[in-house]
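The following exercises are to be worked with the sequence and the structure at hand. Each task is followed by a solution in steps.

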Amino acid sequence: MKGVPMRLVLLGTALSRSCSCGAFQHNMPPETSLLLSHCYNRDLPRAMQTLDTMERRGVWADAIAYSELIKCCLAHKAVKEGKHVHHHIFSNGYQPKTFLINTLLNMYVKFNLLEEAQILFDKMPERNVVSWTTMISAYSYVKLNDRAMELLIFMLRDGILPNMYTFSSVLRACERLCDLTQLHSSILKVGLESDVFVRSALIDAYSKMGELLEALGVFREMVTGDSVVWNSIIAAFAQHSDGDEALSLYKSMRRAGFSADQSTLTSVLRACTSLSLLELGRQAHVHVLKFDQDLILNNALLDMYCKCGSMEDAKFIFNRMVGKDVISWSTMIAGLAQNGYSTEALNLFDSMKVSGPRPNYITILGVLFACSHAGLVNEGWYYFQSMKNLYGIDPGREHYCCMLDLLGRAGKLDEMVTLIHEMTCEPDVVMWRTLLDACRAHRNLDLATYAAKEITKLDQHDTGAYVLLSNVYANSKRWDDVAEVRRTMRARGIRKEPGCSWIEVNNQIHAFIVGDKSHPQIDEINRKLNQYIRRLTDAGYVPDTNFVLQDLGEEQSEYSLRHHSEKLAIVFGIISFPREKTIRIWKNLKICGDCHIFAKLVAKQEQRHIVIRDPIRYHHFQDGICSCGDYW
DNA sequence: GTAGGGTTAG
């Protein structure tokens, strides 16, 4: 192994250079103290003037003074002066110490001049752990992740041992699980796992790869930590839609004596959002007031109110936010659209064009969603076609999906097929499923079969395809075909996800599944439900058994419909809340047509405001109508 | 002289 002698040679060179560098530290001229004093006062013009005088007289300052001068340039964001200092330091044949070159490197990185930093780095006669870490951190910051990982390898080859700074930087750049595992074991080997920076970076890296159990493992090994480590693990679960775990970790964090900061509250709000916990979200809002100016936190608050279906609160927050960014606007536009206020969403987009930030990819999705859910086909086409010209945004998969959805809802099946063929990307399962769903709604059996085949070509186990196809057949009462689809599903081990609805009562979540008898108040719920249905039937309600997807016979079909999870949840809401309180329910599948009619009628009869959130949108039921205008 | 956590769609 020739590595060891090489290291010795390098060390020798470095020592001889540092000796020559030390030479200019003798004869320290009086100008040096003047330079230092200007730098400490952050008086850059005078400091640069002093430097010029020194150049003219042929005297030089020491490394400390130069490093202060560089800090002064950074504080003034003075790139030109910074470069001048760089050339000054290298002029007259001096060889600055590694410490000083690192300061220059750092300056270039902070000025976002990575190329200059790299050129300087390449010329360095000796690079220490700080030099390498500065470059690695710079590349990971601008997401040139491969380059950052590559530098780590070169660094190790050079025989330089990474420290906690290096690991926390490189962990941000790590994209592959195998690399992460290797980094993790290196961290353990050098004993840096207890460093709080390394630990939080590890948790974050595992979280980004969806390895939440690993992240939790790293977290649980912590003996002493800080709030950032707690925030990392809470964010990990909040971001992966495990709101329960995020909230339970948050409680443990408080018990452990840490207080919530902006980051904690943002994750808590996100958890409330994913669980539709409006009341808990309101409680978090009280703590948010402490951090009134925090944009990210306010965006999360805004999103929470939108997603929990409370648009009055969302509008209030949005209107009083200062310095709204593109995320604030996009959140509000999508929120309005999803809650059924399509016109308001499009109006808001108009104001954004006049006085807001430049719309981005996601803003346009909200706009297309608004068009789609209001049946505005022409407007949808207009926005879709103009996004490239007006905002320079190329339509992506999601935009095509939105357009397909728009056409599908409007029953324009032919245009859907044309768009699928004209797209710049290959159609995926979601797109075919959108076509299939449109075929179900508009009863096109042949096209439905075709779409279902395309889906199974891409994914044999796509539950949605089978369920939708069996719905298509059920709608046409082709029970043999329904049975055939179900047989295939059984043979392939595919099970339909059962419909489930949730409602929050007194800070507790109550879950209902179709025909569920496990709820402690189920007898009372069923009694009330029968009572409502009797009254509604007198008022003309006819159960629409088209939404029952098995050949059960009318009587049994009605029983199944009657006990759909959303009906049970609605009745439980009515029993539990006073009349003036909005009943908020969320469910895992799209609302069924019969339950939609039921909700409208019961909202009118009982004078209630009912909000049902499904995976893609919201239905606000009041006075016998729904905010979706029966178009969903 | 080098390092960690939070927001919009699906």
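**Exercise 1: Charge in chain A**

Task: Determine how many positive and negative side chains chain A has, and how far apart the centres of the two sets lie.

Solution: Chain A carries 70 positive and 71 negative side chains. The centres of these two sets are 2 Å apart. The model is a predicted one.

**Exercise 2: Overall build**

Task: Describe the secondary structure, the span and the burial of chain A.

Solution: Begin with the secondary structure, which comprises 33 helices and 6 strands. Next, take the C-alpha trace, which spans about 105 × 55 × 50 Å along its principal axes. Then turn to burial: 49% of the 632 residues of chain A count as buried. Finally, consider the surface; chain A exposes about 30800 Å², and 53% of this area comes from carbon and sulfur atoms.

**Exercise 3: Two residues in helices**

Task: Decide whether Y141 is buried or exposed, and do likewise for K567.

Solution: Locate Y141 in helix 8, which covers residues 129-141. Its relative accessibility is 59%, and the cut-off for exposed is over 50%, so Y141 counts as exposed. Y141 also belongs to a nonpolar surface patch with V142 and L144, and the three together have about 310 Å² of accessible area.

Now locate K567 in helix 32, residues 565-576. Because its relative accessible area is 0% and buried means under 20%, K567 is buried. Leaving aside residues up to four places away in sequence, K567 touches L529, Y541, L561, R562, D594, C595 and F598.

Technical notes
Residues numbered from 1 in each chain as written. Chains lettered and ligands numbered in written order. Predicted model: local features only at pLDDT ≥ 70, side-chain atom pairs only at ≥ 80, totals over all residues. Heavy atoms only, no water. Helix = DSSP H or I, 4+ residues; strand = E, 2+ residues; numbered from the N terminus. Buried < 20%, exposed > 50% of the residue type's maximum accessible area, 1.4 Å probe, protein only. Areas by Shrake-Rupley, 256 points an atom, 1.4 Å probe, with all protein chains shown as cover. Lys, Arg positive; Asp, Glu negative; His and termini not counted. Charge placed at Lys NZ, Arg CZ, Asp CG, Glu CD. Patch = residues over 30% accessible without salt bridge, like charges linked within 9 Å, V, L, I, M, F, W, Y side chains within 5 Å. Salt bridge = Lys/Arg side-chain N within 4 Å of Asp/Glu carboxyl O. Contact = heavy atoms within 4.5 Å.
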